[in-house]
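I open this notebook to record what I looked up in a single structure. The entries follow the order in which I worked.

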Amino acid sequence: MASSNSSRSRGSTRRSFFLKSSAAVVLASSPQPASANGKSRTSGYAVQHTEREWAYMLSGAQYNVLRNGGTERPYSSILEGEERDGVYHCAGCDTPLFESSAKFHSGTGWPSFASGLSGVEVENVNPLQAGFVGAELRCRSCGGHLGDVFLDGKLFVNTPAFSSGKRFCIDGAALVFKPIDGSDQVVFGDISPPKVKTELPDFLSPPKITPRS
């Protein structure tokens with residue numbers, strides 16, 4: 001099912017970010033349709049379900065991303081901070097998509113990878129669009145929207161993206177992480193990260209009142 005221009009526009013806007021360094025400030029933005037050239041998310045894919053079945057199988061966040069081409073808020077997925085060894089699978093059909101060795105912290109707020117496995121389908125766009133706007137990523141098995149790939153990997157020095165020259169910016173809700181540490185724990189990317197309790201420094205803390213005896 002093709003996503004609307006407004007959905008892609010909002011997604012691209014939220015994906016825009018400033019990477020500040022002593023040399024430059026880089027902006028990655030420009031709204032484009034989530035489903036380029038009107039390509040269906042259903043026709044031609046091996047895994048087939050009706051939209052009603054997808055809505056039943058997936059959580060609200062997963063459906064919004066995978067089937068509607070939506071974009072989650074930055075830092076809203078627990079997988080952004082995941083650092084264990086393992087493989088990231090499609091939340092819709094369990095196709096392997098990314099290896100943990102390709103993951104890095106981009107500072108954008110979305111799980112980022114330097115490369116994808118064969119299960120990742122990259123939108124065929126002209127070089128100009130690929131360089132400035134990026135290209136949509138889908139699951140090759142079910143057609144689910146995953147995110148976008150940008151050609152700004154060289155900005156991320158000392159990460160796998162510097163070698164590949166690419167940044168696969170992925171919505172965590174589209175993924176399920178399966179660690180290879182021997183545990184059976186599967187992490188669903190539509191789960192929010194735990195809130196970190198921060199304490200005020202002493203000079204900002206309210207004064208302690210000692211009750212009268």
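The entries below cover sheets, salt bridges, two loop residues and a surface patch.

**Entry 1. Status of the model**

I note at the outset that this is a predicted model.

**Entry 2. The six-stranded sheet**

I looked up the strand order first. Six strands make up an open sheet, arranged β5-β6-β10-β9-β8-β7, and their pairing is antiparallel. I then asked which strands stand at the edges. They are β5 and β7, each of which pairs on one side only.

I followed one pairing in detail. Strands β6 and β10 run antiparallel to each other and are joined over two bridges. Phe 113 has Phe 168 of β10 as its bridge partner. As a general reminder, strands of a sheet pair through backbone hydrogen bonds, in either a parallel or an antiparallel sense.

**Entry 3. The four-stranded sheet**

I found an open sheet of four strands, in the order β4-β3-β11-β12, and here the pairing is antiparallel. Strands β4 (96–99) and β12 are at its edges; each has a single partner strand, so one side of each has no neighbour in the sheet.

Within this sheet I examined the pairing of β11 (residues 175–179) with β12, which is antiparallel and spans two bridges. Val 176 is placed opposite Phe 188 of β12.

**Entry 4. Nonpolar surface patch**

Phe 188 came up again when I turned to the surface. Together with Val 186 and Ile 191, Phe 188 forms a nonpolar patch there, and the accessible area of the three comes to about 240 Å². I located Ile 191 in the segment that follows β12 (187–188). Is Ile 191 buried or partly exposed? Its relative accessibility is 42%, and Ile 191 therefore counts as partly exposed.

**Entry 5. Salt bridges**

I asked how many salt bridges the count comes to. The count is eight salt bridges. I looked up several of them individually.

The side chains of Glu 51 and Arg 67 form a salt bridge, with 3.8 Å from N to O. This pair links distant parts of the chain, 16 residues apart: Glu 51 belongs to helix α2 (residues 51–57), while Arg 67 lies in the loop between α3 (60–66) and β3 (86–90). I compared the burial of the two partners. Glu 51 is partly exposed at a relative accessible area of 23%, whereas Arg 67 is buried at 1%.

Glu 82 and Arg 84 also meet through their side chains in a salt bridge, at 2.8 Å from N to O. Glu 82 counts as buried at 11% relative accessibility; Arg 84 is partly exposed, with a relative accessible area of 26%.

I next recorded a salt bridge between the side chains of Asp 152 and Arg 167, at 2.9 Å from N to O. Asp 152 is in the loop between β9 (145–150) and α5 (160–164), and Arg 167 is in strand β10 (residues 167–170), so this pair ties together parts 15 residues apart in sequence. Asp 152 is buried, with a relative accessible area of 13%. Arg 167 likewise counts as buried, at 0% relative accessibility.

I also noted that Arg 41, Glu 136 and Arg 138 are joined into one network by salt bridges that share partners.

**Entry 6. Glu 123**

Glu 136 led me to Glu 123, whose side chain reaches the backbone nitrogen of Glu 136 at 2.6 Å. Where does Glu 123 lie? I found Glu 123 in the loop between β7 (120–122) and α4 (127–132). At 16% relative accessibility, Glu 123 counts as buried, because the cut-off for buried is under 20%.

**Entry 7. Ser 106**

My last residue was Ser 106, located in the loop between β5 (103–104) and β6 (112–113). Ser 106 is buried, with 7% relative accessible area.

I asked which side chains are joined to that of Ser 106 by polar contacts of 2.8 Å. One such contact of 2.8 Å is with the side chain of Thr 108. Another, also of 2.8 Å, is with the side chain of Ser 112. With neighbours within four places in sequence set aside, Ser 106 is in contact with Ser 112, Phe 156 and Arg 167. Arg 167 is the residue I had recorded in Entry 5 as the salt-bridge partner of Asp 152.

Notes
Residues numbered from 1 in each chain as written. Predicted model: local features only at pLDDT ≥ 70, side-chain atom pairs only at ≥ 80, totals over all residues. Heavy atoms only, no water. Buried < 20%, exposed > 50% of the residue type's maximum accessible area, 1.4 Å probe, protein only. Polar contact = N/O pair within 3.5 Å; in protein donor to acceptor, adjacent residues only side chain to side chain. Salt bridge = Lys/Arg side-chain N within 4 Å of Asp/Glu carboxyl O. Contact = heavy atoms within 4.5 Å. Pairing = 2+ DSSP bridges. Patch = residues over 30% accessible without salt bridge, like charges linked within 9 Å, V, L, I, M, F, W, Y side chains within 5 Å. Areas by Shrake-Rupley, 256 points an atom, 1.4 Å probe, with all protein chains shown as cover.
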